[in-house]
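This report describes the arrangement of domains, cores and backbone features in a two-chain model. Please read it with the sequence and structure at hand.

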Amino acid sequence: MKRQVRIQQLGGAQAVILHRPHLNVLALTRQLRAIGLVVDEAWPELGAQALAADFIFFDADMGYDGQFPWPAGDAPMPMIAMIGSEAPGRIEWSLQIGAHAQLLKPITGSGVYSAVLIARDAFDRQRALAAEIADLRRRLDERQTVVRAVMLLMQRSKSEAEAYGQLRQMAMAWQISFEDAALRVVARYAAEGGDDQRNRG
Amino acid sequence: MKRRIALGLLHSGSGSYALLSQASLIGARAAIAAVNADAAMPVHFTPVQRDPGGNADAYGPLCEEILRDSPARHVVGCVTSLSRKEVIPSLEKLGGTLWYPLPYEGFEASDRVVYTHACPNQHLLPLLDWALPAHGRRVYLTGSNYIWGWEINRLARMTIVQAGGAVLGERYLPIGAQDVERMIDEIRATCPDFVLNSLVGASSYAFLRAYHALGLTDPRFTPERCPMLSCNLTECELAPLGEAAEGLIAAGPYFRGSSGWPGAAEFGSSHEAASYAAVTELARLLAYHGAGSEDWPLAHLLAGAGGPIDPGTHHTRLPVIIAQVRDGAFKVIQHRGDVLGDPFLSRNLTTAALPLRVVS
């Protein structure tokens with residue numbers, strides 16, 4: 001699949017730099033503004049405005065868990081680590097806190113634009129994958145409901161294969177997932193006063 | 001008493017794109033002469049010239065040589081983006097500034113470079129904005145096989161598809177290659193509404209000659225039916241093209257005789273004009289800030305000094321002009337006023353200068 005990087009929506013996007021006042025911050029601010037972003041600084045903790053930010057740049061050298069108003073690895077926006085010391089411990093912490101891309105100090109203009117695009121892409125993909133996994137997990141959890149729905153449909157003197165086929169037809173007709181159709185079948189039966197448990201065995 | 005200030009010139013006297021670098025050098029030299037002859041200007045430039053001979057890998061070391069062996073902190077030159085990217089590490093290492101006076105593909109804002117020619121919101125996007133309604137939305141893309149061709153065509157493809165058009169083909173040639181038959185065959189087979197040519201130097205000349213020959217035998221490929229468009233063609237390349245230049249359409253900040261360029265001087269092409277402007281603007285900044293400012297970092301030099309260069313991006317406010325070669329010279333088709341360079345296309349500066357039109 002060919003991936004297209006979104007370049008257009010960067011104008012006016014908000015970036016917060018979590019770093020003590022430093023030349024690296026000046027260089028980064030200059031470059032982000034040239035790219036078209038609005039830049040804020042914070043240290044040592046991210047203020048409330050961070051929650052509205054589109055990008056967070058954070059110091060990997062002096063950073064610590066308590067700086068972020070969200071659980072480690074759960075940032076609601078792309079995060080870019082500003083790395084000076086490439087010590088494994090610091091890289092580990094950056095990954096744990098949820099870095100989607102990194103910039104090496106001393107920061108010059110080069111690398112900033114690609115870090116922004118790569119971080120956003122990684123964030124988007126991570127988020128899409130998490131949503132997909134949550135959906136799959138939910139559907140897995142509904143396996144029992146599917147079994148119950150098939151059994152209910154089988155009560156109307158159908159074979160298991162026919163009942164299964166009918167449930168699939170219903171899902172398609174209602175334009176919902178197989179598992180959601182099963183939920184409806186079970187709920188409808190319960191509303192009609194039935195208790196499918198009774199018919200077991 | 002004038003301050004004598006060394007000024008680096010990094011231009012290739014040979015190689016595939018020598019015509020461009022020579023046009024740029026002519027502009028820079030003319031500006032140096034004008035600055036030096038101007039009694040009211042407290043600055044005298046002493047050129048420090050190096051010739052990379054069209055070899056991209058020679059630019060970095062030669063730029064370093066200028067910055068190391070002479071007092072020059074400012075260098076004018078480079079043609080291709082490849083060469084510009086090669087010199088940026090030298091500039092960072094030795095505290096130099098490059099004044100880059102050629103059109104390029106954008107998406108760069110080095111704090112060591114000033115960009116005095118057009119970027120895509122000043123050439124490609126206005127050109128497509130004019131061409132898509134005027135000629136149609138079925139387009140064939142060509143380019144030289146490096147960042148300029150790739151990025152111009154990527155942006156063109158995005159813009160064309162967003163406008164509901166189609167890219168019928170996209171083909172590249174290595175810099176200097178002249179085997180253009182395949183491109184011509186594909187154009188004949190797909191019959192586009194127009195062709196966007198981002199080839200450079202000898203490849204471009206070979207392609208334009210072959211396309212001109214095709215148009216002589218097949219009326220579907222005349223400039224009226226299927227024009228050839230470019231963001232990098234200027235007067236300095238018309239001579240090797242001869243008859244084949246007739247009908248070519250280009251976007252640029254200056255064409256010979258066009259209006260809107262600051263100052264009264266006449267130039268051979270926009271490459272000359274943008275190089276001339278780079279040197280005169282540097283002289284103005286050095287005069288404005290006074291003695292010692294030639295060693296200042298670029299950010300200080302540009303801060304609060306006014307002028308056409310945006311201190312935020314180091315890109316330049318320039319006229320946006322679309323012109324066509326008629327009877328051997330560019331004639332302006334559309335003058336779209338001045339537009340500030342927007343290298344990351346994040347400020348929507350193109351649309352500000354555009355006339356409103358009905359979207360069909």
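How many Å apart do the C-alpha centres of domain 1 of chain B and domain 2 of chain B lie? The model is a predicted one, and in it these two centres are separated by 27 Å.

**Domains of chain B**

Domain 1 of chain B covers 3-118 + 256-318, and domain 2 of chain B covers 124-254 + 319-352. Contact between them involves 35 residues of domain 1 of chain B and 33 residues of domain 2 of chain B. On the side of domain 1 of chain B that touches domain 2 of chain B, α1 (18-37), α3 (81-94), α9 and β11 (317-326) of chain B each contribute at least two residues. The largest share of that side, four residues, is supplied by α9(B). By residue class, the side of domain 1 of chain B that touches domain 2 of chain B consists of 16 nonpolar, 14 polar and five charged residues.

**Nonpolar cores**

The largest nonpolar core contains 108 residues, and Cys63(B) and Val279(B) have the most contacts inside it. Helix α9 (residues 270-289) of chain B gives the most to this core, namely ten residues. At least three residues of the core come from each of domain 1 (3-118 + 256-318) and domain 2 (124-254 + 319-352) of chain B. Beyond its neighbours within four places in sequence, Cys63(B) is in contact with Leu10(B), Val75(B), Val87(B), Ser90(B) and Leu91(B). Another core lies apart from the largest one; this core has 41 residues, including Val16(A), Leu37(A), Met82(A) and Tyr113(A).

**Surroundings of Cys231(B)**

Is Cys231(B) buried or exposed? Cys231(B) counts as buried because it has 27 C-beta neighbours inside 10 Å, where 20 or more are required. Cys231(B) is placed in the loop between β9 (228-230) and α8 (238-241) of chain B. When residues up to four places away in sequence are not counted, Cys231(B) touches Pro103(B), His123(B), Leu124(B), Leu127(B), Ile152(B), Ser198(B) and Ala251(B). Ala163(B) is 68 residues away from Cys231(B) along the chain, and the C-alpha atoms of the two are separated by 19 Å.

**Chain A and its contact with chain B**

Chain A is likewise divided into domains: domain 1 spans 8-136 and domain 2 spans 142-193. The C-alpha centres of domain 1 of chain A and domain 2 of chain A lie 47 Å apart. Helix α5 (residues 160-174) of chain A is made up of 15 residues and reaches 21 Å from its first C-alpha to its last, close to the 21 Å expected at 1.5 Å a residue.

The contact between the chains takes 13 residues from chain A and twelve residues from chain B. Helix α1 (residues 23-35) of chain A provides the largest share of the side of chain A that touches chain B, with five residues. That side of chain A divides into five nonpolar, six polar and two charged residues.

**Backbone geometry**

Most residues other than glycine have a negative phi, and most peptide bonds are trans. The table gives exceptions in the two chains.

| Site | Backbone value | Place |
|---|---|---|
| Trp43(A) to Pro44(A) | cis, omega near 5 degrees | Pro44(A): loop between β2 (38-42) and β3 (55-59) of chain A |
| Lys105(A) to Pro106(A) | cis, omega near -5 degrees | Pro106(A): loop between β5 (101-104) and α3 (112-141) of chain A |
| Gln175(A) | positive phi of about 55 degrees | just after α5(A) |
| Cys78(B) | phi near 75 degrees | loop between β3 (74-77) and α3 of chain B |
| Leu345(B) | positive phi of about 50 degrees | loop between β12 (329-340) and α11 (349-352) of chain B |

Cys78(B) counts as buried because 29 C-beta neighbours lie inside 10 Å. Leu345(B) also counts as buried, with 20 C-beta neighbours inside 10 Å.

**Confidence in chain A**

Chain A has an average pLDDT of 90, and 92% of the residues score at least 70. Confidence in chain A is highest in strand β4 (residues 79-83), at 98, and lowest in helix α6 (residues 178-191), at a mean of 91. Over residues 196-201 of chain A, pLDDT stays under 50, and the model has five contacts beyond four places in sequence for these residues.

Definitions and conventions
Residues numbered from 1 in each chain as written. Chains lettered and ligands numbered in written order. Predicted model: local features only at pLDDT ≥ 70, side-chain atom pairs only at ≥ 80, totals over all residues. Domains from an automatic or database assignment. Expected span 1.5 Å × (residues − 1). Core = buried A, V, L, I, M, F, W, Y, C linked by C-beta atoms within 7 Å. Buried ≥ 20, exposed ≤ 12 C-beta atoms within 10 Å, placed from the backbone. Contact = placed C-beta atoms within 7 Å. Nonpolar A, V, L, I, M, F, W, Y, C, P; charged D, E, K, R; others polar. pLDDT = per-residue confidence, 0-100.
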